[in-house]
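Me: Could you take a close look at one part of this model for me, the metal site? I'd like to know what holds the ion and where those residues sit.

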Amino acid sequence: MQLIEHSDSPRYVRLHEADNVVVVVNDQGVTEGSVFPDGLVTVEGVPQSHKVALVDIPKGGEVRRYGQIIGYALEDLRRGSWVKENQLAMPSAPPLASLPMCDAVPAPLPPLEGFTFEGYRNADGTVGTRNILGITTTVQCVTGVLDHAVKRIREELLPRYPHVDDVVALTHSYGCGVAINARDAYIPIRTVRNLARNPNLGGEALVISLGCEKLQAGQVMHNNDPSVDLSEPWLYRLQDASHGFGEMIEQIMALAETRLQKLDQRRRETVPAAELILGMQCGGSDAFSGITANPALGYASDLLIRAGATVMFSEVTEVRDAIYMLTSRAQNQDVAQALVREMDWYDHYLERGAADRSANTTPGNKKGGLSNIVEKSLGSIVKSGSSAINGVVGPGERVTGKGLIYCATPASDFVCGTLQLAAGMNLHVFTTGRGTPYGLAMAPVVKVATRTELAQRWPDLIDVDAGRIATGRATIEELGWELFHYYLDVASGRQRTWAEQHKLHNDIVLFNPAPIT
Ligand code: CA
């Protein structure tokens, strides 16, 4: 391991030899007249994570980062000038009809053997990283009662069952007042169903229903499904109560206690790293995301895949502009076609709302130096590492295969997190540049900062500082290995993430492209 002394002399990162813009690394940015080690002189001040022109770029010229075109200059850009978002015209999205398919499928990397974690084996073959009692719902109407019951279960029952990590209410806004037979209603319905099958709930999820709603309990739990235990009472309908609220709480608590007794019998056992199902996501991205945190995740993703695990990446609007790079890496035509199908579905979904993928970038992204969705996408897909893409799952669908999986979801943090939980992830990793306290109740969330400045400002929220890559204090490879070991520690319960320690979690937010009534 080579340690390079960090100094405040002007530094930039260039990611590809074809790039004609570079990104400023220094925490405070650089002032006008700053001289970089290669002799490049800034002609104006440039903030951290923003771009500097490496050469004179004429009006209409290509602006390249990651070796790809991120825009066309709307005016002459001088060498050493700050390249801003309003000086670039965004390229159009790659047409889906003429994508390269499976023409650059990476060869499998040598297997990694002997890596394990301590997990909870489930009856359906999956493995949990936590032992949680999940209580799901068929409709929002029950939320107030269930939240009240869960608070009492936590306070009065949970202390008696020390081997159970938590009790979680799976509350959501679906279930009634919705067009339940609409064309796209299968997405929220299968999401609710598959959330209850998440490996961290041990196949012991319960259902609380109101009684008269459109989404019926039978649609949430199916008979003959080995991933949920329906051999004992699993459902309570509030409208069955004959003695009001008090009876509802008593009934829910009694039902919960039967499951707590079962869950409390469970113990962790040593399982291969192949049982990990990691969901990767980014939020509050900046121009460092694609330089530090996401490449480290990509390296760790390759390691997990070599160990036989399942790794998911997501966020349709953040891969759409780089889709040609993914279809090239698809393991076979079926996978490539499935990628195209998901992009096409989403293009039409956005079109219906008279929007396109450019609606994705936020003011914070732009302040963080990301000019447009093309640049954001190129930085986002770096998370997927260098392995072949082995499969695709649709929104709310449960993953079955191993390897690198594209899980099609919106990029919204909570919607993506919810859909990755439904896909069956038992561990989540989240990279952030601008900073977010994001967390999930059903799976541990490892938060990785793209910049050291953020990691230092939020030492009790950020688990891993990937900014060390930009300042030369760690390599991508070193951080990738560090993440790999950290994942196994968190999965084993030896390490608790900050979000877990503070019990920070966002709501379950369903993706419902169908009408409500
Ligand atoms: Ca996101």
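**The calcium site**

Reply: Along the chain, the donors of the calcium ion follow the spacing Q-C-x32-E-x95-A-x1-D. Keep in mind that this is a predicted model. Put names to that pattern and you get Gln281 through OE1, Cys282 through O, Glu315 through OE, Ala411 through O and Asp413 through OD, with the coordination distances at 2.4 to 2.7 Å.

Now for where two of these donors come from. Glu315 lies in the loop between β16 (310-313) and α6 (323-329), while Ala411 lies in the loop between β18 (403-407) and α10 (413-423), so this pair ties together parts that are 96 residues apart in sequence.

Are these two buried or exposed? Glu315 has a relative accessible area of 0%, so it counts as buried. Ala411 comes in at 11%, and because the cut-off for buried is under 20%, Ala411 is buried as well.

Away from the ion, there's also an open sheet of three strands, ordered β4-β5-β7 with antiparallel pairing. Its edge strands are β4 (62-65) and β7 (88-89), each of which pairs on one side only. Strand β5 (residues 68-73) is joined to β7 by two bridges, and the two run antiparallel. If you want a spot to zoom in on, Tyr72 stands opposite Ala89 in β7. Helix α9 (residues 373-380) lies across β4 and β5, and runs at about 165 degrees to β5.

Definitions and conventions: Residues are numbered from 1 along each chain as its sequence is written. This is a predicted model: local features need pLDDT of at least 70, side-chain atom pairs count only at pLDDT 80 or more; totals for chains, interfaces and linings use all residues. Side-chain values use heavy atoms; hydrogens and water are left out. Donors are N, O and S atoms within 2.8 Å of the metal (3.2 Å for Na, K and Ca); water is not among the atoms, so sites may look incomplete. Helices (H or I, at least four residues) and strands (E, at least two) are DSSP runs, numbered from the N terminus. Buried means under 20% relative accessible area, exposed over 50%, partly exposed in between (1.4 Å probe, protein chains only). Two strands pair if DSSP finds at least two bridges between them. Contact means heavy atoms within 4.5 Å. Axes are lines fitted to C-alpha atoms, for helices over the stretch in contact, and angles run from 0 to 180 degrees between N-to-C directions.
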